[in-house]
Amino acid sequence: MSAATTRSRTPDRLCAEAVDLARAAAEETAAPGVVGEHVGMVSEGDRVVTHFFECREPGYRGWRWAVTVARASRAKVVTLDESVLLPGPDALLAPEWVPWSERLRPGDLGPGDLLPTNADDLRLEPGWSGEDEPAPNSAVSDGMAALVEAEDAEVAGARPAELPVSPARGTIAAVAEELGLRRARVLSRYGLHSAADRWEESFGPKTPMAQAAPATCVSCGFLARVGGSLGQAFGVCANEFSPADGRVVSLGYGCGAHSEAAVMPKAPRPAPPVLDETRVESMVLHPVTVPGEGSVPATADSSTEDLGHS
């Protein structure tokens, strides 16, 4: 270890005693009453010492006023170097700055907000190449491209390559728009995989709801299928009582609102009653006497006329 390194670790005596000079410099920089007690010092090098004072400014908890003083070689006068407000070990600091593209989270976008996408976003790929030749996976075949070129030559009087400006109809973008392929960019394989991972994490087979479900969504009648390659693993829940209503769910997801989990049986048809209490039966209060029956003869008897019988 060199002698200069040894001397730099030992604070200079005159610089260490210049506390009043350092305090006056800190109070001149700060507002009145903001500079607090002297909390320490540190040697910055040969005849260079930094004094620290407590900061009483509201909102700067743990910060310190740092005043550096120095002394020239063989000089007895200590001079001021700089005065600055620095955070201490337990200072209250603002969070580290993060770019907005990394700070944005799902659900942060509100009405009227505009979220731009980068031109080289990995989640997207060109819907068409935009070049003179169609892309290998484009819906525009070589034969159709030749037909378009021939029609342009007939209309414009020359082939597109011979014209100073290529007609708009002969461009791949115009053909794609005519065929209904108006999206400039579509989901790439990376975009599909990232979306699938995100959806499966929210409504996938490993969620607690799916683990406790009686069956999976692949056999649920409330599942609405989606087209494309995502339809092989995902669908849309259409059950208003499900926690995933209107969400993209994995076919391995499930919940207690499964259509076949608990089918309520129909009420059994009651058997016909033995005694029909709902039917009204007529009851004759005065029964009609049948002729020839009863105690009174049907023909008049002279023996009974005197007794008052009719």
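Is Tyr253 buried or exposed? In this predicted model, Tyr253 counts as buried, at 3% relative accessibility. The ring of this residue belongs to a small story about aromatic contacts, which is taken up below after a look at the empty spaces.

Rolling a probe the size of a water molecule over the atoms shows where empty space is left. The largest pocket holds about 610 Å³ of space. Its lining is made up of 17 residues, and those nearest the centre are Ser101, Leu104, Leu115, Asp121 and Arg123. Two helices, α4 (100-103) and α7 (189-202), each supply at least two residues of this lining. Of the contributors, α7 gives the most, with three residues. Sorted by class, the lining of the pocket comprises eight nonpolar, five polar and four charged residues.

Turning to enclosed space, a search of the whole structure finds one cavity of 30 Å³ or more. About 100 Å³ of space lies within this largest cavity. The cavity is lined by 14 residues, and Cys217, Cys220, Cys237, Ser242 and Cys255 are the ones nearest its centre. Here the lining has ten nonpolar and four polar residues, with no charged ones.

A pair of aromatic rings is described by the distance of the centres and the angle of the planes. Three aromatic pairs are found in a search of the whole structure. One of them joins Trp199 and Phe234 edge-to-face, with 5.7 Å from centre to centre and 80 degrees between the planes. Because Trp199 lies in helix α7 and Phe234 in strand β8 (residues 234-237), this pair ties together parts that are 35 residues apart in sequence. Trp199 is partly exposed, with a relative accessible area of 26%, whereas Phe234 counts as buried at 4%.

What, then, is the arrangement of the rings of Phe203 and Tyr253? Their centres are 5.5 Å apart and their planes stand at 90 degrees, so the pair is edge-to-face. Phe203 sits in the loop between α7 and α8 (208-211), while Tyr253 sits in the loop between β9 (248-250) and α9 (302-305), so this contact ties together parts that are 50 residues apart in sequence. Phe203 is buried, with a relative accessible area of 13%, and Tyr253 is buried as well, at 3%.

Another ring takes part in a contact with a charge. The charged end of Arg64 sits over the ring of Phe52, at 4.1 Å from the ring centre.

Notes:
Residues are numbered from 1 along each chain as its sequence is written. This is a predicted model: local features need pLDDT of at least 70, side-chain atom pairs count only at pLDDT 80 or more; totals for chains, interfaces and linings use all residues. Side-chain values use heavy atoms; hydrogens and water are left out. On a 1 Å grid over the protein atoms alone, a cavity is a set of points where a 1.4 Å probe fits but cannot get out, and a pocket is an open set with protein on both sides within 12 Å along at least five of seven lines; lining residues have an atom within 4 Å of a point. Grid points are joined across faces, edges and corners, and a volume is the space filled by probe spheres set on the points. Helices (H or I, at least four residues) and strands (E, at least two) are DSSP runs, numbered from the N terminus. Ala, Val, Leu, Ile, Met, Phe, Trp, Tyr, Cys and Pro count as nonpolar, Asp, Glu, Lys and Arg as charged, and the others, Gly among them, as polar. Rings of Phe, Tyr and Trp (its six-membered ring) pair if their centres lie within 6.5 Å; planes under 30 degrees apart count as stacked, over 60 as edge-to-face and the rest as tilted. Buried means under 20% relative accessible area, exposed over 50%, partly exposed in between (1.4 Å probe, protein chains only). A charge sits over a ring if NZ of Lys or CZ of Arg is within 6 Å of the ring centre and within 35 degrees of the ring normal.
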